[in-house]
Amino acid sequence: MEFKTVTAALERIKTSCLVIGLYQGTQTDTVFTSLDTVTGGWLSKQIKRGDITGAKGQTLYLYDPPGLKAERLLLIGCGDAAAFGERGYIEANQTAARTLSGGGAKQAVNTLPALSVGQRDADWKTTQAVLAAEYALYTFDEFKTASASPKQALKRLDLWMPEAPAATTLARAVATAHGVAFARDLANRPGNVCHPTYLAKQAKALEKRFDSIELDVLDEAAMEKLGMGAFLAVSKGSAQPGKLIVMQYRGGEKNAKPIALVGKGVTFDTGGISIKPAAQMDEMKFDMGGAASVFGTLLACAEAKLELNIVGVIAAAENMPGGRASRPGDIVKTLSGQSVEILNTDAEGRLVLCDALTYVERFEPSAVVDMATLTGACIVALGHEVSAILGNHPPLIDALKHAGQETFDRIWELPLLDEYQDQLKSNFADMANIGGRAGGTITAACFLSRFTKKYNWAHLDIAGTAWVSGDKKGATGRPVPLLVEYLTRCAADPS
Ligand code: BES
Ligand code: MN
Ligand code: ZN
């Protein structure tokens, strides 16, 4: 989709479709009232016919409005004006895009960004309009023989608002949307296609496309040499070799310390010998959602040419049972030197991550953020709306929280208290890889915290937010918006 921002007088805009928000009850919005005036009351007369009340989610096309150069109007129900906020705005934009994509208009002018959304400015409204439209228009049908989605006529969506946003806003929003779509594509691909070697190939393609990205891939032999015993304890059970994928984005000054993003890239999680039940096991193809978000974020940053340095590290492995798989009770030595007793082979994410987290020490990062679909307990605790955040550096956590709030890709902090560390005690090794049922997301983070003492670190558990189950099953691309926002702010203010 192509986007533009426009500010010209509405009655002079030639378009195949003008999209207008409609509140329930009295219309207070200036776009509506001025269009009603220009059309000589035609607009309100149409609405009085009763086909639309303005309730949330309603849509109605009207054709040939008098006095306007638009072929049609698309009304979007926005609900009660007083209750209209960020969520309503995003949903209205998604509804508009979805409705347009099923219609015949090739180009449309969306006036929803002119609605007032709390204190949100033109930059926020532009960004969210782009993200919402791209999110709604996304399809994934590369494995369907006959394309399930009809060819979409809509090619261009102009965003209309009285004042234009900052010059960089639109391009950044589009880059973020590309990053989200890339992450969704990767995570939606099945385990038989998207395995560690496939992810390494995707990284190679990024390196080729962007001069600013450089790639280094460590194979199992290289990891063996380094002593990444925890990572290998997971990958060795699979016929697909594990990879540590290291992408360096250099958009900042040569000597500026990078921010490291570390992603859990378990391309399929059967649980290993501690095998999972069959129901919904297919969803474990999304267990590389953290890795997908690193890919998406790097793509967005490279496209937007953000001026900072980023190291993206992906711990890519498949967790399978088999003759070479780790057994419960196995003890391995991590890259950090600490030993781990693997009491449950299904707690594999922390095993691949702990070695990747030790590995990134060599880049002397100013901050490290890891993303992982790490625990089912996170879904129990927080559901599907917010991701969990835990870490060792309150300013970093605050900055990420703020970025989440800005992008509506929200996160919630859980307590990383010392007391929980006791649950990881092992009779035979420095620690166990599980901490029991209580506080599962916290004890998983406690485990990681033992490998992140040398830098500022935050961990995002995205088990509940990286994908949607049910009839809309698929990847969401979260937390790419949050990460791009955070990095954009870091680039603007390197302190
Ligand atoms: N990938 C899963 C976590 C997960 C479960 C994400 C369900 C999304 C939906 C992870 O590797 C896992 O299996 N975790 C175990 C940990 C337990 C054995 C301590 C879990 O959550 O059950
Ligand atoms: Mn698991
Ligand atoms: Zn997993």
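This is a short tour of a predicted model, going from a metal site to a pocket.

Local features here need pLDDT of at least 70 and side-chain atom pairs count only at pLDDT 80 or more, whereas totals for chains, interfaces and linings use all residues. Residues are numbered from 1 along each chain, ligands are numbered from 1 in the order in which they are written, and hydrogens and water are left out of the side-chain values.

Select the manganese ion (ligand 2), whose coordinating atoms are Asp 269 (OD), Asp 346 (O and OD) and Glu 348 (OE), at 2.0 to 2.2 Å; donors are N, O and S atoms within 2.8 Å of the metal (3.2 Å for Na, K and Ca). The arrangement is irregular because the six donor atoms subtend angles of 71 to 168°, where six donors would count as octahedral if opposite donors were over 155 degrees apart and all others between 65 and 115.

Add the zinc ion (ligand 3) next: the two ions are 3.2 Å apart, and Asp 269 coordinates both.

Colour the donors by relative accessible area (buried under 20%, exposed over 50%, partly exposed in between, with a 1.4 Å probe and protein chains only): Glu 348 is buried at 1%, while Asp 346 is partly exposed at 21%.

Asp 346 also leads to the second largest pocket, where Asp 346 is among the residues that lie nearest the centre, together with Lys 276, Thr 375, Gly 376 and Ala 377. The lining comprises 37 residues, and H11 gives the largest share, five residues.

Technical notes
1 Å grid on protein atoms, 1.4 Å probe; cavity = no way out; pocket = protein on both sides within 12 Å on 5 of 7 lines; lining within 4 Å. Helix = DSSP H or I, 4+ residues; strand = E, 2+ residues; numbered from the N terminus. Tetrahedral: all angles 85-135°; square planar, octahedral: opposite > 155°, others 65-115°.
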